[in-house]
Amino acid sequence: MSTWFNSVDIYCERLDVSFWAEPFNAISNLSFIIAGFFLWRLRSSLSNLMAILMILIGLGSFCFHTFANRLTGLLDVLAIDLYLLVFAFLISKQWSRSSIFIQLGSALLLIISIVCSQLLISHLKPDLPWLPSGIYLGAWLALLVYALMTQYSNTSAARFLWLAAIVFAFSLLSRQLDMPLCDFIGGSHWLWHLLNGLTLYLTSYGLCLKQCPKKLQH
């Protein structure tokens with residue numbers, strides 16, 4: 001059990017095991033809290049749910065970048081996974097046809113995308129160490145599919161999903177550049193948090209945006 005509390009040091013900013021060893025990485029998690037606050041102001045049951053999930057991500061990540069052990073790392077990943085699964089399950093409500101089977105299929109698409117991405121990256125990682133984690137690459141690929149599917153039924157919502165996919169691409173880049181840029185700007189993981197807060201807001205806003213009724217033809 002003690003291994004769960006072993007210190008983890010995988011980011012440029014951390015130089016020791018103290019609580020505030022990653023001040024920028026920790027404080028930048030405010031982006032998730034702020035994004036959750038603005039989404040909460042939409043005042044719907046769906047927006048409230050997604051806002052709570054975003055805030056949980058911020059709290060989980062803050063704990064990981066302060067206590068920095070395997071247990072807080074697990075909590076961080078679980079919060080992210082929960083958001084991804086809930087979003088994947090609910091996004092089909094924006095499509096022209098939706099049912100519990102389509103919702104389950106949408107969530108299954110995310111899982112398959114992540115698993116396949118992880119298997120591919122595990123194979124390529126020895127030669128291409130800069131590749132991102134399979135969970136994030138898989139989530140990005142699934143987001144592209146969700147945006148494409150939403151495009152046919154709710155173009156307004158799709159715009160936010162496409163924009164989220166663009167922001168998330170830069171977010172992934174900032175995550176991968178943390179160690180390469182360590183000696184130049186002290187790492188870039190904090191930027192990953194800022195851009196991810198924006199990504200989650202955009203995806204959740206697109207999820208919550210109601211489809212405009214079509215105009216009557218005369």
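**Entry 1: G58**

I count a residue as buried when its relative accessible area is under 20%. I am working from a predicted model, so I keep that in mind throughout. My opening lookup was G58, which lies in helix 3. Its relative accessible area is 3%, so G58 is buried. I then asked what G58 touches once residues up to four places away in sequence are set aside. The list I got is N29, F32 and I33. I also took a C-alpha to C-alpha distance from G58 to L104: 27 Å, for two residues 46 apart in sequence.

**Entry 2: S28**

Next I went to S28, in the loop between helix 1 (23-27) and helix 2. Is S28 buried or exposed? With a relative accessibility of 8%, S28 counts as buried, because the cut-off is under 20%. Setting aside neighbours within four places in sequence, I found S28 in contact with W190, H193 and L194. With H193 there is also a polar contact, side chain to side chain, at 2.8 Å.

**Entry 3: F24**

W190 came up again when I turned to F24, a residue of helix 1. Beyond the neighbours within four places in sequence, F24 is in contact with E13 and W190. F24 is exposed, though, because its relative accessible area is 60% and the cut-off is over 50%. I noted one distance here as well: the C-alpha atoms of F24 and D9 are separated by 15 Å, and the two residues are 15 apart along the chain.

**Entry 4: salt bridges**

How many salt bridges does a search of the whole structure find? I got 1. The side chains of R14 and E22 meet in a salt bridge, at 2.6 Å from N to O. I checked how covered each partner is. R14 has a relative accessible area of 3%, so it is buried. E22, at 2% relative accessibility, counts as buried too.

**Entry 5: a nonpolar patch**

I looked for nonpolar side chains on the surface and found a patch of about 830 Å². Its members are F19, W20, I27, L30, I34, F37, F38 and F67. Which helix gives the most to the nonpolar patch? I noted helix 2 (residues 30-40), with 4 residues. F67 lies elsewhere, in the loop between helix 3 (45-64) and helix 4 (70-90). I found F67 partly exposed, because its relative accessible area of 49% falls between the 20% and 50% cut-offs.

**Entry 6: two positive phi values**

I picked out two residues for their backbone angles. R43 has a positive phi of about 55° although it is not a glycine. R43 sits in the loop between helix 2 and helix 3, and it is exposed at a relative accessible area of 69%. A68 also has a positive phi, near 50°, and is a residue other than glycine. A68 is in the loop between helix 3 and helix 4. Here the relative accessible area is 1%, so A68 is buried.

**Entry 7: helix 4**

From that loop I moved on to helix 4. At its start, a side-chain oxygen of N69 reaches to within 3.1 Å of the backbone nitrogen of L71. I counted 21 residues in helix 4, with 30 Å from the first C-alpha to the last, close to the 30 Å expected at 1.5 Å a residue. Many of the residues I looked up there are buried, including T72, G73, D76, A79, I80, Y83, L84 and F87. An α-helix has 3.6 residues a turn, so residues three or four places apart point the same way. What covers the buried residues of helix 4? The cover includes helix 3, helix 5 (100-124), helix 6 (134-151), helix 7 (155-176) and helix 9 (189-208).

**Entry 8: helix 7**

I closed with helix 7, which has 22 residues and reaches 32 Å from its first C-alpha to its last. That is close to the 32 Å expected at 1.5 Å a residue. Among its buried residues I listed A157, A158, L161, A164, A165, F168 and L172. I found the buried residues of helix 7 packing against helix 4, helix 6 and helix 9.

Technical notes. Residues numbered from 1 in each chain as written. Predicted model: local features only at pLDDT ≥ 70, side-chain atom pairs only at ≥ 80, totals over all residues. Heavy atoms only, no water. Patch = residues over 30% accessible without salt bridge, like charges linked within 9 Å, V, L, I, M, F, W, Y side chains within 5 Å. Areas by Shrake-Rupley, 256 points an atom, 1.4 Å probe, with all protein chains shown as cover. Salt bridge = Lys/Arg side-chain N within 4 Å of Asp/Glu carboxyl O. Buried < 20%, exposed > 50% of the residue type's maximum accessible area, 1.4 Å probe, protein only. Expected span 1.5 Å × (residues − 1). Contact = heavy atoms within 4.5 Å. Polar contact = N/O pair within 3.5 Å; in protein donor to acceptor, adjacent residues only side chain to side chain.
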